[in-house]
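Here is a short report on one protein chain. Have the sequence and the 3D view ready, and look up each residue as it comes.

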Amino acid sequence: MSASLRWTVVAFVVLVGVVVALFTTLGSDQGEGTAQGEDPASSLSPQDAPPVGEPPADEPVTVVDDATRATAGLPECRDGAAAATTEGPVAGLMVRCMNDGSTTSLGKIQAGEPMVVNMWAYWCEPCRRELPAIQEAADALGDRVRVVVSHTDPSETKGFDTLDALGIDQLVSVSDQEEELPGILGAPPVLPLTVFVRADGTVAHVLIQPMYSEQDVLDAVEEYLGVTV
């Protein structure tokens, strides 16, 4: 990601963070808490996760070592026996599977099913807020939809550490270390960003706003992919 692109991204992230913080404060003052009724401090920025804030302009490429990777217990990112989706703009994108370090295509992960791909980065505070909601929604959806979270940053290590700190261990997780997916989609340089892909590989919608509750995610899946729980 170019320096100018990263600054565009961080400007959006900071703005969203300020708005979220304001509404969270107001909700707390009114005795309503967050939208999910949870303490935001429990999931936003754990002390052992990499810090949120400005994305480095020249983030080095890092890869998780095998011993560390084995401790996470992340799910397999693809079914070796399932035929890959070969059509559509994202099918051929190569990514690194965080569970075992292998590389594969999003088409192989999708394997002919509706798919949701959430693009996030360790430094993005709104991204951290929505990851738990995405995990809850993925659990509710089961095999109806492939739900994938794609760390869109050169440092797989920092993404891996953030998932661990947030307790995100049930989501198919990949690294888009070259940060190619937003460009393939022609999407604006903002995070988080979520793409809804139909079973045939065509893109139904690209969502450029966070989803902070399980219901937000399920509503979006129903609206854009026609899949209900």
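Which residues does Leu 181 touch, leaving out those up to four places away in sequence? Leu 181 touches Val 90, Leu 93, Leu 106, Val 117, Met 119 and Asp 176. Keep in mind that this is a predicted model.

## The chain as a whole

The protein chain has 229 residues, and 50% of them count as buried. Seven helices and seven strands make up its list of elements. From the N terminus on, their order is α-α-β-β-α-β-α-β-α-β-α-β-β-α. Take the contacts between residues at least 6 apart in sequence: 77% of them join residues at least 24 apart. The accessible surface of the chain comes to about 10300 Å². Carbon and sulfur atoms account for 52% of that surface.

## The nonpolar core

The largest nonpolar core has 54 residues. Leu 181 is among the residues with the most contacts inside this core. The others in that group are Leu 106, Ile 109, Val 145, Leu 191, Phe 196 and Val 221. Helix α4, residues 125-141, gives the most to the core, with seven residues.

## Rings and a charge

The chain has one aromatic pair. Phe 196 and Tyr 224 form this pair. Their ring centres are 5.1 Å apart, and the planes meet at 50°. The pair counts as tilted. Phe 196 lies in strand β6 (residues 193-197) and Tyr 224 in helix α7 (residues 214-225), so the pair ties together parts that are 28 residues apart in sequence.

Are the two partners buried or exposed? Phe 196 counts as buried because its relative accessibility is 0%. Tyr 224, with a relative accessible area of 21%, is partly exposed. The cut-off for buried is under 20%.

Another ring has a charge over its face. Arg 129 lies over the face of Tyr 212, at 4.9 Å from the ring centre.

## Two strand residues

Thr 103 is found in strand β2, residues 103-105. Beyond its neighbours up to four places away in sequence, Thr 103 touches Arg 78, Met 94, Val 95 and Arg 96. Cys 77 is 26 residues from Thr 103 in sequence. In space, their C-alpha atoms are 9.8 Å apart.

Ser 173 lies in strand β5, residues 172-175. Its relative accessible area is 3%, so Ser 173 is buried. Where does the side chain of Ser 173 reach at 3.0 Å? That side chain reaches the backbone oxygen of Leu 171. Leaving aside neighbours within four places in sequence, Ser 173 is in contact with residues including Leu 74, Arg 96, Cys 97, Met 98 and Asn 99. Val 149 and Leu 163 are also among its contacts.

## Helix α5 and its cover

Helix α5 spans residues 156-166. Its buried residues are Glu 156, Gly 159, Phe 160, Thr 162, Leu 163, Ala 165 and Leu 166. What covers them? The cover includes the helices α2 (66-72) and α4. It also includes the strands β1 (94-97), β3, β4 (146-151) and β5. After α5 comes Gly 167, whose phi is positive, near 75°.

## Backbone exceptions

Most residues other than glycine have a negative phi, and most peptide bonds are trans. Two residues other than glycine go against the phi pattern here. The table sets them side by side.

| Residue | Phi | Place | Relative accessibility |
|---|---|---|---|
| Ala 111 | near 50° | loop between α3 (106-110) and β3 (115-120) | 11%, buried |
| Glu 179 | about 55° | loop between β5 and α6 | 11%, buried |

Which residues does a cis peptide bond join? The bond joins Leu 191 and Pro 192, with omega of about 0°. Pro 192 lies in the loop between α6 (181-185) and β6. Leu 191 has already appeared above, among the residues with the most contacts inside the largest nonpolar core.

Conventions: Residues numbered from 1 in each chain as written. Predicted model: local features only at pLDDT ≥ 70, side-chain atom pairs only at ≥ 80, totals over all residues. Heavy atoms only, no water. Helix = DSSP H or I, 4+ residues; strand = E, 2+ residues; numbered from the N terminus. Contact = heavy atoms within 4.5 Å. Buried < 20%, exposed > 50% of the residue type's maximum accessible area, 1.4 Å probe, protein only. Areas by Shrake-Rupley, 256 points an atom, 1.4 Å probe, with all protein chains shown as cover. Core = buried A, V, L, I, M, F, W, Y, C linked by side-chain atoms within 4.5 Å. Phe/Tyr/Trp six-rings, centres within 6.5 Å; stacked < 30°, edge-to-face > 60°. Lys NZ or Arg CZ within 6 Å of the ring centre and 35° of its normal. Polar contact = N/O pair within 3.5 Å; in protein donor to acceptor, adjacent residues only side chain to side chain.
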